[in-house]
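Please open the model in your viewer and keep a selection tool at hand. The stops below go from one element to the next, with a note on what is found at each.

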Amino acid sequence: MAKSKTSSVGRRNFLKTAAAGSVATLIAGAQPSIHSRSAAPIMSKAAETGNPASVEVLTTDRPGSDFMIDVFKSLGLEYICANPGSSFRGLQESVVNYGGNKAPEFITCCHEESAVGMAHGYAKIEGKPLGVFAHSTVGLQHAAMAIFNAYCDRVPVYIVLGNTIDATMRRPGVEWDHSVQDAAAMVRDYVKWDDLPISLPHFAESAVRAYKIAMTPPMMPVLLVSDAELQENPVADNAGLRIPKLTLATPPQGDSGAVAEAARLLVAAENPVIVADRAARTPAGMAHLIELAETLQAPVIDQAARLNFPTRHPLNHSQRGREVIAEADVILGLELTDFWGVVTSFRDQLQRSSRFIAADGVKLISMTAGDLYMKGNYQDIQRYPEVDLAIAADAEATLPSLIEAVKRLINEDRKRTFQGRGSKLASAQQDAFEQTRTDAIYGWDANPISTARLSAELWAQIKDKDWSLVSDVAPGMSNWPLRLWEFDKHYQFIGGAGGYGVGYGAPAAVGAALANRKHGRLSVNIQCDGDLMYAPGVLWTAAHHHIPLLNIMHNNRAYHQEVMHLQRMANRHNRGIKRAGIGTTISDPNIDFAKLAQSMGVHGEGPISDPKDLAPAIRRAIEVVERGEPALVDVVTQPR
Amino acid sequence: MDRAVSRRCGIRRFIAPLMIAGFLIVVCPGAEAQASTGNAKNGKQIYASFGCYECHGREGQGSVLSGPRIGPHPIQFSAFVKYIRQPKGQMPPYTDKVVSEVELADIYAFLQSLPPPPDPKKIPLLNPDSGAKKSK
């Protein structure tokens with residue numbers, strides 16, 4: 001054993017002492033009765049009155065975990081989301097006692113997937129990560145799906161994983177099951193960076209480095225393994241610990257020559273189109289995109305992984321995707337993960353086929369930080385896009401220089417052309433909106449409630465408030481909120497899961513609501529039924545921590561996408577289509593989501609299937625939310 | 001709920017309407033519908049049991065992300081049948097082994113029997129003013 005007995009302090013000797021005490025107890029009771037077996041161990045006289053060995057140190061006022069909390073405070077982590085686990089018990093104790101349970105505050109989660117999902121939603125509102133503690137092997141495996149979603153969605157999540165590295169320090173039994181040689185290996189394919197610091201100075205450097213890496217576009221989760229011994233052992237008096245200065249890297253900007261070429265193509269184009277997916281990381285990104293679109297009078301298709309562009313802006317042509325793509329002579333793709341899919345239709349029939357749907361000769365310009373960081377195992381990279389100009393850079397950071405370059409090239413002649421184009425686009429956008437209103441009336445009074453009616457009823461109740469939609473709206477809601485509501489602030493929409501992993505919706509909504517709480521915003525979550533059933537305990541977390549959130553169930557009582565896939569297969573195989581509900585529906589019995597919510601201290605109403613009952617129920621729920629608590633209205637809906 | 005957004009195809013929000021465009025020949029409110037001899041009541045049952053509503057909604061209202069509106073006022077019956085047998089878009093083909101001509105006639109009759117929708121101008125929630133927000 002490398003370490004001497006005299007250096008073996010703290011946790012390990014506490015364990016030895018506890019074990020010895022137990023042995024002493026057994027010896028003291030010659031014939032243990034049933035009562036004595038079921039009662040708590042009684043300290044032996046020797047254990048009570050004897051002195052510990054002189055070399056043993058049983059307590060410390062300054063464990064390593066206190067310093068770790070100092071580091072987290074320096075990073076500005078507001079919250080730690082976690083399900084408690086012994087491998088980070090030192091950290092947890094330091095959060096709640098040494099750190100005063102404030103910045104970071106410990107948020108009790110019922111599942112690690114919920115903890116990471118909350119971090120995911122929080123980051124998309126707040127623009128920075130919160131901390132997640134996870135418990136060694138089991139905790140990280142629970143967290144894995146949510147980490148993958150955040151990775152695909154380019155969202156920073158700051159994960160600290162407890163683990164006991166030194167095998168000789170592990171408690172016999174469970175701690176061996178909860179220890180791992182290379183913990184990060186479980187998720188290394190979908191975290192941006194990980195490290196295993198072996199000293200407190202090392203921890204400080206790696207902790208600051210991890211934060212910096214997570215926050216550099218393309219943003220992604222990072223993982224720091226925190227050794228239990230390092231947490232629990234005392235800080236040496238002469239440790240000389242310091243926290244390194246955090247300086248975030250400036251986001252990578254596009255090469256000036258490439259930006260100039262992009263500007264030339266866009267200004268010369270007759271029908272330029274801008275497609276944005278994760279372009280607006282911050283409100284500034286949205287403002288830049290508005291300026292670029294207005295300068296060019298170019299239509300924007302917002303794929304809405306973030307809110308990139310106001311929904312009612314005359315240049316928002318997201319609902320006219322095919323038309324504008326087919327007419328485009330230049331397409332600028334901003335932070336797209338699937339540029340190939342923008343210009344190609346794919347047909348999922350027995351013989352799969354694809355077809356280029358853009359005009360011949362169209363010039364494609366990509367601008368994405370995704371070109372700067374890519375991994376191979378998980379295939380979220382999509383098909384290879386054959387672009388004409390690939391600018392490997394963060395779009396939001398590059399847009400100002402592109403706007404300037406565009407402005408320099410615009411002469412009076414082009415300005416007149418742009419104005420004419422803008423007028424036509426505004427007219428087409430208005431027509432599209434009118435068509436959307438007309439489309440909404442079909443099934444208006446249907447029971448179960450149509451997703452269009454649900455969206456319109458909800459909008460009427462929130463539109464005069466400072467609201468934030470903290471859920472996705474596609475495909476389940478048929479995009480109705482984005483089509484009917486007026487979104488014009490970046491925080492009003494956070495997009496979807498990224499990796500399409502179910503179970504993201506509820507925790508991300510609670511996490512986003514946690515971020516919105518201090519801003520006084522009304523957080524609204526349109527919650528799919530199957531998603532909530534993955535880890536409904538996050539409702540309890542919302543109630544326990546008084547996180548105001550309006551949950552409106554989109555309860556179509558099915559894993560609807562899968563129903564359609566099964567129908568497709570049954571059809572393809574000529575076997576009839578009456579059994580597609582087997583294994584794909586969530587009925588018999590129907591889940592009572594109102595009671596589920598109530599059981600966890602959340603205001604719950606429903607199920608509501610008559611549209612006339614919807615508005616009063618939403619109003620009552622909003623009253624609860626405005627008092628600072630979560631509420632849920634169970635709405636039985638049409639499939640989509 | 002939807003377990004995944006078209007996991008295989010990677011269909012994104014805006015591209016989905018493009019895909020659906022292949023279906024749009026099914027929906028043509030202005031087209032003169034052929035008189036159907038089908039049984040609307042039976043058609044309603046088949047429409048549900050065959051799962052037509054999964055993509056097109058229980059009232060045939062459709063969705064931009066799954067299937068287009070198909071009622072009321074469906075296209076002519078012959079075109080309706082032709083598309084179901086040999087769709088050009090993402091809709092799976094439904095052969096006569098799966099759904100018979102008689103059953104299609106019943107479904108068609110059900111779609112024809114759907115009541116006309118309300119006038120959007122008379123629905124306050126869809127009034128353009130309902131989209132205006134107060135300044136904060």
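**Strand 6 of chain A and its neighbours**

Begin by selecting strand 5 (residues 193-195) of chain A together with strand 6 of chain A, which pair in the parallel sense over three bridges; bear in mind throughout that this is a predicted model. To see one of these pairings in detail, pick Asp194(A), whose bridge partner in strand 6 of chain A is Leu223(A). Now add helix 9 (residues 200-214) of chain A to the selection, since strand 5, helix 9 and strand 6 of chain A make a right-handed β-α-β unit.

Keep strand 6 (residues 222-227) of chain A selected and show what surrounds it: six of its six residues are buried, so the strand is largely enclosed by the rest of the structure. If you display the side chains, Val222(A), Leu224(A) and Ser226(A) point one way from the strand, whereas Leu223(A), Val225(A) and Asp227(A) point the other way, and all are buried.

**Across to strand 4**

Next select strand 4 (residues 158-163) of chain A, which pairs with strand 6 of chain A in the parallel sense over six bridges. Which residues of strand 6 of chain A are the bridge partners of Ile159(A) and Val160(A)? For Ile159(A) the partner is Leu223(A), and for Val160(A) it is Leu224(A).

Strand 4 of chain A is itself mostly covered, with six of its six residues buried. Tyr158(A), Val160(A) and Gly162(A) point one way from this strand, while Ile159(A), Leu161(A) and Asn163(A) point the other way, and all are buried.

Move on to strand 3 (residues 131-135) of chain A, which pairs with strand 4 of chain A in the parallel sense over five bridges; here Val132(A) has Ile159(A) of strand 4 as its bridge partner. Following the chain from strand 3 of chain A, you pass through helix 7 of chain A to reach strand 4 of chain A, and this β-α-β crossover is right-handed.

**The nonpolar cores**

Now select Cys81(A), Val132(A) and Ile147(A), which touch the most other members of the largest nonpolar core, a set of 180 residues. Helix 7 (residues 136-152) of chain A supplies the largest share of this core, nine residues. With Ile147(A) centred, and leaving aside residues up to four places away in sequence, look for the residues that Ile147(A) touches, namely Val116(A), Val157(A), Val187(A), Tyr190(A), Val191(A) and Pro221(A). Apart from this core lies another, of 26 residues, and Leu566(A), Phe77(B), Ile107(B) and Leu111(B) are among them.

**Chain B and its contact with chain A**

For the last part, select chain B, which has five helices and zero strands and which, read along the sequence, follows the pattern α-α-α-α-α. Buried residues make up 44% of its 136 residues. Of the contacts in chain B with a separation of 6 or more, 75% are accounted for by residues 24 or more positions apart.

Finally, show where the two chains meet: the contact takes 63 residues from chain A and 50 residues from chain B. On the side of chain B that touches chain A, helix 1 (15-20) and helix 3 (52-56) of chain B are the elements that give two or more residues, and the largest share, four residues, comes from helix 1 of chain B. Coloured by class, this side of chain B has 25 nonpolar, 11 polar and 14 charged residues.

Notes: Residues are numbered from 1 along each chain as its sequence is written. Chains are lettered from A and ligands numbered from 1 in the order in which they are written. This is a predicted model: local features need pLDDT of at least 70, side-chain atom pairs count only at pLDDT 80 or more; totals for chains, interfaces and linings use all residues. A nonpolar core is a set of buried Ala, Val, Leu, Ile, Met, Phe, Trp, Tyr and Cys residues joined through C-beta atoms within 7 Å. A residue is buried if 20 or more other C-beta atoms lie within 10 Å of its own, exposed if 12 or fewer, and partly exposed in between; C-beta atoms are placed from the backbone. Two residues are in contact if their C-beta atoms, placed from the backbone, lie within 7 Å. Two strands pair if DSSP finds at least two bridges between them. A crossover is right-handed if, with the strands pointing away from the viewer, the path from the first strand over the helix to the second runs clockwise. Ala, Val, Leu, Ile, Met, Phe, Trp, Tyr, Cys and Pro count as nonpolar, Asp, Glu, Lys and Arg as charged, and the others, Gly among them, as polar.
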